[in-house]
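Q: Got a minute to go through this one with me? I'd like to start with the overall build and then look at the contacts.

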Protein chains: 2
Amino acid sequence: MRADAQRNRERLVEAAREVFREQGYDASLDEVAKRAGVGAGTLYRHFPSRDVLMDAIMQSWVDRVNDAADKVLVHEGDSRELLLAWFETYVDLISMHKGGPAKITSAMGDATSPIVTKCQVLAAATQRVVDRLDEVHALREHIEVVQMCRLVGGVASVADNGNLDQAAVRPLLEVIADGVLA
Amino acid sequence: MRADAQRNRERLVEAAREVFREQGYDASLDEVAKRAGVGAGTLYRHFPSRDVLMDAIMQSWVDRVNDAADKVLVHEGDSRELLLAWFETYVDLISMHKGGPAKITSAMGDATSPIVTKCQVLAAATQRVVDRLDEVHALREHIEVVQMCRLVGGVASVADNGNLDQAAVRPLLEVIADGVLA
DNA sequence: AACTATACGGAGACAGTCTCCGTTTGGCAA
DNA sequence: TTGCCAAACGGAGACTGTCTCCGTATAGTT
């Protein structure tokens with residue numbers, strides 16, 4: 001890749017991160033281009049769709065997911081507490097931008113989505129938590145990781161749309177936790 | 001209201017019902033006006049926002065919610081089956097248009113939303129089911145109806161966004177049911 | 001039939017998406 | 001160093017959807 005292309009790409013990702021954080025996932029892409037100091041054509045050449053741009057933004061996010069899972073797993077406490085701690089972390093992780101929870105959760109299990117790799121990271125992290133719980137046979141049988149992600153993602157979507165705070169989300173996560181525990 | 005205004009209003013509601021069913025909640029409002037054979041101004045005078053139009057469309061839907069609750073409540077079976085039957089019905093009811101589940105669920109508990117009355121109907125129907133279950137002390141304590149609506153609404157939103165079929169939704173509802181049952 | 005409050009319609013301002021194509025430039029080969 | 005050209009740029013503009021404004025039409029009254 002040519003040096004100017006590389007530079008513009010980075011500028012675009014940085015601008016997008018900024019604009020999406022400020023205005024949510026539906027922010028204007030022309031605004032992103034403007035803020036990056038490039039033409040609209042350049043943006044669409046690098047990132048043919050909003051989702052592809054989203055995916056690029058999230059490169060660094062992958063590390064954060066894994067760190068967060070590490071952190072939760074060293075925690076002590078019973079199975080329910082561990083699971084709830086992960087659920088709350090999960091909600092935080094996918095709620096970076098307005099519209100993010102719905103976006104990510106709908107891509108969960110869709111192999112053609114531009115952000116599959118990100119979903120896989122999230123699913124893998126959740127799998128680590130599930131493995132830990134399986135060691136002590138804490139979970140009901142036949143529960144799949146994808147299903148847990150959908151359930152928690154659903155709660156996060158509702159919270160995102162309805163501007164619910166953590167206190168309102170907590171009891172919902174408790175119901176799900178109790179539902180998946182044996 | 002003048003007779004022509006009345007007529008146009010009805011035409012608009014009918015056209016909107018049609019267009020939303022075909023194209024989902026994000027369909028073009030100018031398209032609705034066109035299909036109704038009126039100007040855009042007329043549409044916006046009658047219905048200042050998409051939500052207000054949505055609310056008008058749903059007038060007849062209210063009856064269907066109550067009928068559906070009646071139907072579920074005469075059903076025999078244990079508490080879990082009753083609850084699951086209602087959850088599945090609930091998902092169907094709020095999934096009339098693409099984007100509907102998220103819309104309705106985010107309005108749940110927001111007193112300023114133009115579709116509050118519709119949410120109240122839904123919550124009241126759910127309350128009837130909850131009352132029945134409380135008779136036999138089937139539910140865990142401290143679970144609020146709004147929370148159940150949010151949980152099931154979350155699943156419906158995810159299913160709507162990700163095009164999940166009933167078979168994929170069922171296990172998610174089971175987890176929620178097991179989580180709220182004592 | 002005349003009057004007027006009410007309602008209508010659609011042109012057009014505005015905003016966002018995305019493409020097309022003339023122009024510029026980075027990097028390489030001579 | 002120079003010349004070349006594939007690669008990349010930029011932004012005008014086509015297109016779509018939202019919503020308003022105001023000149024025009026008419027329902028209902030007197």
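What follows is a chat about the fold, the core, the chain contact, the DNA and two loop residues.

A: Sure. Keep in mind that this is a predicted model.

Q: Okay. How many helices and strands does chain A have?
A: Ten helices and zero strands. Read along the sequence, the pattern of chain A is α-α-α-α-α-α-α-α-α-α.

Q: And what does the C-alpha trace of chain A span along its principal axes?
A: About 55 × 35 × 30 Å.

Q: What percentage of chain A is buried?
A: Of its 182 residues, 39% are buried. As for contacts in chain A with a separation of 6 or more, 68% are between residues 24 or more positions apart.

Q: Let's go inside. Which residues in the largest nonpolar core touch the most other members?
A: That core has 107 residues, and the ones touching the most other members are A:V152, A:V155 and A:I176, along with B:V152, B:V155 and B:I176.

Q: Take A:V155. What is it in contact with, leaving aside neighbours within four places in sequence?
A: In chain A, the partners are A:V91, A:V169, A:L172, A:L173 and A:I176. From chain B, A:V155 is in contact with B:L151 and B:G154.

Q: So on to the contact between the chains. How many residues does each chain put in?
A: Chain A gives 23 residues and chain B gives 23 residues.

Q: Which helices of chain B supply at least two residues each to the side that touches chain A?
A: α7 (100-107), α9 (145-162) and α10 (166-180) of chain B. The one giving the most is α9(B), with ten residues.

Q: How does that side of chain B divide into nonpolar, polar and charged?
A: Ten nonpolar, ten polar and three charged.

Q: Switching to the DNA. Which residues are closest to strand C?
A: There are 20 residues around DNA strand C, and the closest are A:A3, A:G41, B:V38, B:G39 and B:G41.

Q: Which helix has the largest share of that surface?
A: α3(B), with four residues of the surface near DNA strand C. Helices supplying at least two residues each are α1, α2 (29-36) and α3 of chain A, plus α1 and α3 of chain B.

Q: Now strand D. Which residues come nearest there?
A: Out of 20 residues around DNA strand D, the nearest are A:N8, A:V38, A:G39, A:G41 and B:G41. Here α3(A) gives the most to the surface, with four residues.

Q: And which helices supply at least two residues each near strand D?
A: From chain A, α1 (3-23) and α3 (40-46). From chain B, α1 (3-23), α2 (29-36) and α3 (40-46).

Q: How do the residues near each strand divide by type?
A: Near DNA strand D there are eight nonpolar, six polar and six charged. Near DNA strand C the residues divide into eight nonpolar, six polar and six charged.

Q: Last topic, backbone angles. What's the phi of A:N163?
A: Near 50°, a positive value in a residue other than glycine. A:N163 lies in the loop between α9 (145-162) and α10 (166-180) of chain A.

Q: Is A:N163 buried or exposed?
A: Exposed, because A:N163 has 10 other C-beta atoms within 10 Å and the cut-off for exposed is 12 or fewer.

Q: What about B:H142, where is that one found?
A: In the loop between α8 (116-135) and α9 of chain B. B:H142 is not a glycine, yet has a positive phi of about 65°.

Q: And why does B:H142 count as exposed?
A: Because B:H142 has 8 C-beta neighbours inside 10 Å.

Technical notes. Residues are numbered from 1 along each chain as its sequence is written. Chains are lettered from A and ligands numbered from 1 in the order in which they are written. This is a predicted model: local features need pLDDT of at least 70, side-chain atom pairs count only at pLDDT 80 or more; totals for chains, interfaces and linings use all residues. A residue is near a molecule or strand if its C-beta atom, placed from the backbone, lies within 6 Å of it. Ala, Val, Leu, Ile, Met, Phe, Trp, Tyr, Cys and Pro count as nonpolar, Asp, Glu, Lys and Arg as charged, and the others, Gly among them, as polar. Two residues are in contact if their C-beta atoms, placed from the backbone, lie within 7 Å. A residue is buried if 20 or more other C-beta atoms lie within 10 Å of its own, exposed if 12 or fewer, and partly exposed in between; C-beta atoms are placed from the backbone. A nonpolar core is a set of buried Ala, Val, Leu, Ile, Met, Phe, Trp, Tyr and Cys residues joined through C-beta atoms within 7 Å.
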